[in-house]
Amino acid sequence: MIVATPAGAKPLTLRGLAKHYATADGRVIEALMPIDLDIAPGEFLVVVGPSGCGKSTMLNVLAGLLPPSAGEARVGDEPVRGPDIDRGMVFQDYALFPWLDVIGNVEFGLERKGLGRRERREVAVHYLKMVGLAEFANKRPRELSGGMKQRVAIARTFATEPSIIFMDEPFGALDALTRRHLQHELLRIWQQHRKTVVFITHSVVEAIYLADRVVLMTARPGRIKTVLNIDLPHPRDPTSDEFRDIERRIYSDLDEELTKSFRMEVRDIAG
Amino acid sequence: MTDATEPAGQIPRGPGLQLRNRLSKLLRYFYAVAGVVAVWWAVVLIAKPHMSLLPSPWLTAQTFIQLMASGELPKDAAYSVCRVLAAWSLAALVAVPLGFAMGRWDKLASVLDPVVELFRPISPLAWIPLAILWFGIDEGGKVFVIFIGAFFPILLNTIAGARNIDPVLISAGRILGCKGDASLFRKVVLPASLPQVIVGLRISFGTGWAAIIAAELVAARSGLGYLISNGMEVLRSDFVLVGMVTIGILGVLFDAVFRWVDRRYNWMSE
């Protein structure tokens, strides 16, 4: 699993972390039941679950974009209180700033960190090279394909050298081939930098391909159903028997939850 | 906001092509003017109206040159332009900050929205009588009327721009180190809503320009509106037409300036 404690990565600890919302008509919706989880520094943790299970909510709480209703998350020794540039995030729909060019997007966080003009240009170019987009530095985001946009977003996140990175279904909007390529790229970058990563996805294959550990969440209200170590060496072959075995196990757990969440949806719509 | 007349698809764009586009655009303006003048002239030739009702294009052009040379037309135009610029700037100074506040702060919006909705349908022209009662026919009255006319387009567009920012961009800004509202405003909210703010400024200049003429028609001793209304009183329809033509020309010029600003600063155009 984890070879050594990498420099610059921090552990993430969840203690009784829960989130509920009050709706307009006064009902309380449990989005996330109290969760305890320890994520090691440099670990690649993937969370899988049916849609609406609260995994995005969990990520937003961990990133400090939403306050928890109970419990807390700690990065290293520090409890999460609001967003911080030390905790990066890659969003599903890229979230690139359309008024900035590609390099301007990568420099955004560096400027906030107080780097000087020349220094941040150097760092930004370095990270654009890392994702193979150095020659696109002066393009606008809308001139890029979805896969390229997400590579810019990945460069932007890694450039600020956060100690932990959250990824919210980052490849969910991409076609299958681009997705495969970016999974591969992400692993390569992660193996170089060894940040702690919490990655959310719908795709079981993606989870097994990337993760040190897969966390399976239940249908709403979200809680941890299964935690599974994936000990296969990289690069992993999704057609191998070991891979298929793990996939089967996860699906058998997941099918139960999918049935539940489908029933819940029917009930919600029927009122 | 790409120009609809530009060819679609993967046609390579060089400076030569851009120049050709500009030229063809100018040419279309030229055709429009030629068409209007031709119809005007035909009407004069066929119906033979009295000169005080409809002078020929030629006579109007002569009057135009005459009024230019005497300095009367530049002076009136300058009066009108200055009034609009002053009132429009004042409106922007109030409406842009207020629009951002209302767009980003729901509590303020819920209090002020009904007020805005009540006043918005009232044409700036309906304020002219009150403006005269309150300010007489001084500059204050005219500036007040334009202010009303320019205020709402700026306010409503700024609100829309500030309100419709993709929330994920706000999240991204916070994640990437925008601590506090001030830096989030400067680095995300302001640039994200700028295109819509520019739209508001452009539209409001148009409504302001239309309203100043109306304000000057009834209450002024100077300006293009005064030139027109005075022309009517002394039965000089050539004065009226010269005033109208000047309004049209200046309107097109100002819009060209705004289009340039838009191309320069609007990340949604290009």
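This is a walk through the two-chain model, one selection at a time.

**Before you start**

Keep in mind that you are looking at a predicted model. Its scores are ipTM 0.90 and pTM 0.83. Colour chain B by pLDDT: the mean is 88, and 93% of the residues of chain B reach 70 or more. Now select residues 1–10 of chain B, where the pLDDT is below 50. Leaving aside near neighbours in sequence, that stretch has four contacts in the model.

**Stop 1: the two domains of chain A**

Give the domains of chain A separate colours. The domain assignment puts residues 12–86 and 165–270 in domain 1, and residues 97–161 in domain 2. From C-alpha centre to C-alpha centre, domain 1 of chain A and domain 2 of chain A are 26 Å apart. Where they touch, domain 1 of chain A supplies 12 residues and domain 2 of chain A supplies 13.

Which helix gives the most to the domain 1 side of that contact in chain A? Select residues 176–193: this is α5 of chain A, and it brings six residues. Colour the domain 1 side by class and you get nine nonpolar residues, two polar and one charged.

**Stop 2: helix α4 of chain A**

Select residues 146–159 of chain A, which make up helix α4. Try a quick length check: at 1.5 Å a residue, the 14 residues should span 20 Å, and the end C-alpha atoms are indeed 20 Å apart.

Is this helix mostly covered or mostly open? Covered: 12 of the 14 residues of α4(A) are buried. Among them are charged side chains you may want to show as sticks, including Lys149(A), Arg151(A) and Arg156(A). Show what lies around the helix next: the cover over its buried residues includes β6 (87–90), α2 (102–112), α3 (117–130), β7 (164–168) and α5 of chain A. Step just past the end of α4(A) to find Glu161(A), which has a positive phi of about 45°.

**Stop 3: where the chains meet**

Show both chains again. Chain A puts 17 residues into the contact between them, and chain B puts in 12. On the chain B side, select α7 (167–175) and α8 (180–218), the elements that give two or more residues each. The largest share is from α7(B), with six residues. By class, the chain B side has nine nonpolar residues, two polar and one charged.

**Stop 4: Leu201 in chain B**

Stay on α8 of chain B and centre the view on Leu201(B), which lies in that helix. Leu201(B) counts as buried because it has 23 C-beta neighbours inside 10 Å, where 20 or more is the cut-off. Beyond residues up to four places away in sequence, Leu201(B) touches Ala92(B) and Ile154(B). Draw a distance to Asn157(B) too: the two C-alpha atoms are 8.5 Å apart, although 44 residues separate them along the chain.

**Stop 5: two more helices of chain B**

Select α9 of chain B, residues 224–233. Its buried residues are Leu224(B), Gly225(B), Tyr226(B), Leu227(B), Ile228(B) and Gly231(B). Among the elements covering them are α3 (72–104), α8 and α10 (237–265) of chain B. Just after α9(B) comes Leu235(B), with a positive phi of about 55°.

Finish on α4 of chain B, residues 106–119. How many of the 14 residues of α4(B) are buried? The number is zero, so this helix lies largely in the open. Look along α4(B) to Leu112(B), where the helix bends by about 40°. A proline, Pro114(B), follows within four residues.

How values were computed:
Residues numbered from 1 in each chain as written. Chains lettered and ligands numbered in written order. Predicted model: local features only at pLDDT ≥ 70, side-chain atom pairs only at ≥ 80, totals over all residues. Domains from an automatic or database assignment. Contact = placed C-beta atoms within 7 Å. Expected span 1.5 Å × (residues − 1). Bend = angle between axes of the 7 residues up to and from the residue. pLDDT = per-residue confidence, 0-100.
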